[in-house]
There are 2 protein chains.
Amino acid sequence: MFYTVGEMAKKIGLAPSTLRYYDKEGLLPFVERSSSGIRMFKDADFEWLQVIECLKKTGMQLCDIKRFVEMAMQGDETIDERLFLIKKQHQAVEKQIDALNETLKTLEFKTWYYETAKAAGTTEIPRNMPLSDLPEEYREIRKKLRGE
Amino acid sequence: MFYTVGEMAKKIGLAPSTLRYYDKEGLLPFVERSSSGIRMFKDADFEWLQVIECLKKTGMQLCDIKRFVEMAMQGDETIDERLFLIKKQHQAVEKQIDALNETLKTLEFKTWYYETAKAAGTTEIPRNMPLSDLPEEYREIRKKLRGE
DNA sequence: ACTTGACTTAAAGTTGAGTTTAACTTATAT
DNA sequence: ATATAAGTTAAACTCAACTTTAAGTCAAGT
């Protein structure tokens with residue numbers, strides 16, 4: 001079962017040009033070619049592309065993903081390194097989620113801010129509200145925004 | 001209480017060149033200048049920078065952040081629009097968190113995969129393991145990776 | 001034989017978000 | 001008065017990750 005670059009691109013949801021670019025950059029050393037130079041993607045290559053997409057979503061750069069792929073091509077002697085790298089990325093993603101949750105808190109404060117402003121007809125009401133009148137859950141975040 | 005571009009850059013943790021760039025792009029219309037053209041940041045401007053950083057963290061582009069700032073400069077008539085935009089960004093961030101949690105699941109599968117490979121000395125053991133032997137929590141994710 | 005459509009390549013172009021550079025001005029300390 | 005440190009500008013440069021273009025190859029269908 002082989003796929004051309006266009007077929008695989010469709011299957012994985014990327015542009016064919018992107019797959020060619022990845023190949024050119026050395027991220028797809030496992031993709032074989034026909035005698036006339038046409039890329040022949042296998043089902044196992046789809047799995048590789050999924051892994052590459054997963055690592056991209058963690059924020060890993062293509063050059064680092066390339067090194068991971070190269071490790072895998074070297075075989076079982078690099079299992080330890082690969083395990084370490086995956087664990088590191090897991091940590092990195094957990095950190096990103098924490099950061100986004102912080103961002104959510106700020107957006108929730110701003111939602112309260114504009115809802116209060118909307119009810120009052122002016123942003124002056126929430127802006128000048130004394131800390132003691134502010135809903136308790138927003139006090140810390142307002143302090144942080146104001147650099148206090 | 002005024003800050004130069006360098007002082008404010010330090011306070012907010014960005015490069016002075018970044019603040020100048022934001023100013024040039026029209027993100028900081030509220031920053032005043034001295035008679036000799038020196039930027040004079042106020043404490044209220046620090047709060048603005050924090051909001052800009054928050055919106056950046058949601059993945060919003062600078063040109064869209066600029067439109068938000070411009071709305072705010074227009075005053076109370078845009079409260080509704082701003083509230084809507086903040087709510088939209090809140091949703092967007094929730095979606096990003098969901099995506100990262102999906103990514104975490106894949107990384108957890110890969111961790112199991114390499115830990116099993118490490119114990120066996122070869123990736124062939126986890127790779128060729130029948131679905132029925134696979135820990136239940138990894139079955140769906142392996143199917144997804146293999147495009148099944 | 002010819003058209004169509006998908007493939008190939010190398011190289012140039014794009015986008016977003018800055019950073020760097022060059023030439024210059026201003027403010028402060030000695 | 002001068003050195004130093006920090007500021008100014010516009011414009012060029014960088015970087016990652018693609019995308020587009022130009023020129024060409026190849027296989028299948030009419």
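**Briefing: a two-chain protein with DNA strands C and D**

At 8% relative accessibility, Thr123(A) counts as buried, because the limit for that class is under 20%. This residue belongs to a predicted model, in which a rotation of 180° superposes chain B on chain A. The protein is also in the vicinity of two DNA strands: 17 residues lie around DNA strand C, and 16 surround DNA strand D. The points below take up Thr123(A), the relation of the chains, and each DNA strand in turn.

**Thr123(A) and its surroundings**

- Thr123(A) sits in the loop that lies between helix 5 (79-120) and helix 6 (124-128) of chain A.
- The side chains of Thr123(A) and Arg127(A) form a polar contact of 2.9 Å.
- Leaving aside residues up to four places away in sequence, Thr123(A) touches Tyr113(A), Tyr114(A) and Ala117(A) in chain A.
- Under that same exclusion, Thr123(A) also touches Asp76(B), Ile79(B) and Arg82(B) of chain B.

**Relation of the two chains**

- Chain B is superposed on chain A by a rotation of 180° with 0.0 Å of shift along its axis, and the RMSD is 0.1 Å.
- The two copies are therefore related as by a two-fold rotation axis.
- The same surface serves both copies, since 100% of the contact residues of chain B recur in chain A.
- Among the residues of chain B, Ile97(B) comes closest to the rotation axis, with its C-alpha at 3.0 Å.

**Surface near DNA strand C**

- Of the 17 residues around DNA strand C, those that come nearest are Thr4(A), Arg20(A), Arg39(A), Thr18(B) and Tyr22(B).
- Of the atoms of DNA strand C that come within 4 Å of the protein, 79% are accounted for by sugar and phosphate.
- Helix 1 (5-12) of chain A and helix 2 (16-24) of chain B each supply at least two residues of this surface.
- Helix 2 of chain B gives the most, with four residues.
- By class, the surface near DNA strand C comprises six nonpolar, seven polar and four charged residues.
- From chain A, a polar side-chain atom of Arg20(A) lies 2.8 Å from a phosphate oxygen of DNA strand C, and a polar backbone atom of Gly6(A) is 3.1 Å from a phosphate oxygen of this strand.
- From chain B, an N or O atom in the side chain of Ser17(B) is 3.2 Å from a phosphate oxygen of DNA strand C.

**Surface near DNA strand D**

- The closest of the 16 residues surrounding DNA strand D are Thr18(A), Thr4(B), Gly6(B), Arg20(B) and Arg39(B).
- Sugar or phosphate holds 79% of the atoms of DNA strand D within 4 Å of the protein, and the rest belong to bases.
- At least two residues of this surface come from each of helix 2 (16-24) of chain A and helix 1 (5-12) of chain B.
- Helix 2 of chain A provides the largest share, four residues.
- The surface near DNA strand D has six nonpolar, six polar and four charged residues.
- From chain A, a polar side-chain atom of Ser17(A) lies 3.5 Å from a phosphate oxygen of DNA strand D, and a polar backbone atom of Leu62(A) is 3.4 Å from a phosphate oxygen of this strand.
- From chain B, a polar side-chain atom of Arg33(B) lies 2.9 Å from a phosphate oxygen of DNA strand D.

Methods
Residues numbered from 1 in each chain as written. Chains lettered and ligands numbered in written order. Predicted model: local features only at pLDDT ≥ 70, side-chain atom pairs only at ≥ 80, totals over all residues. Heavy atoms only, no water. Near = heavy atom within 4 Å. Polar contact = N/O pair within 3.5 Å; in protein donor to acceptor, adjacent residues only side chain to side chain. Nonpolar A, V, L, I, M, F, W, Y, C, P; charged D, E, K, R; others polar. Buried < 20%, exposed > 50% of the residue type's maximum accessible area, 1.4 Å probe, protein only. Contact = heavy atoms within 4.5 Å. Least-squares fit on C-alpha atoms with pLDDT ≥ 70 in both.
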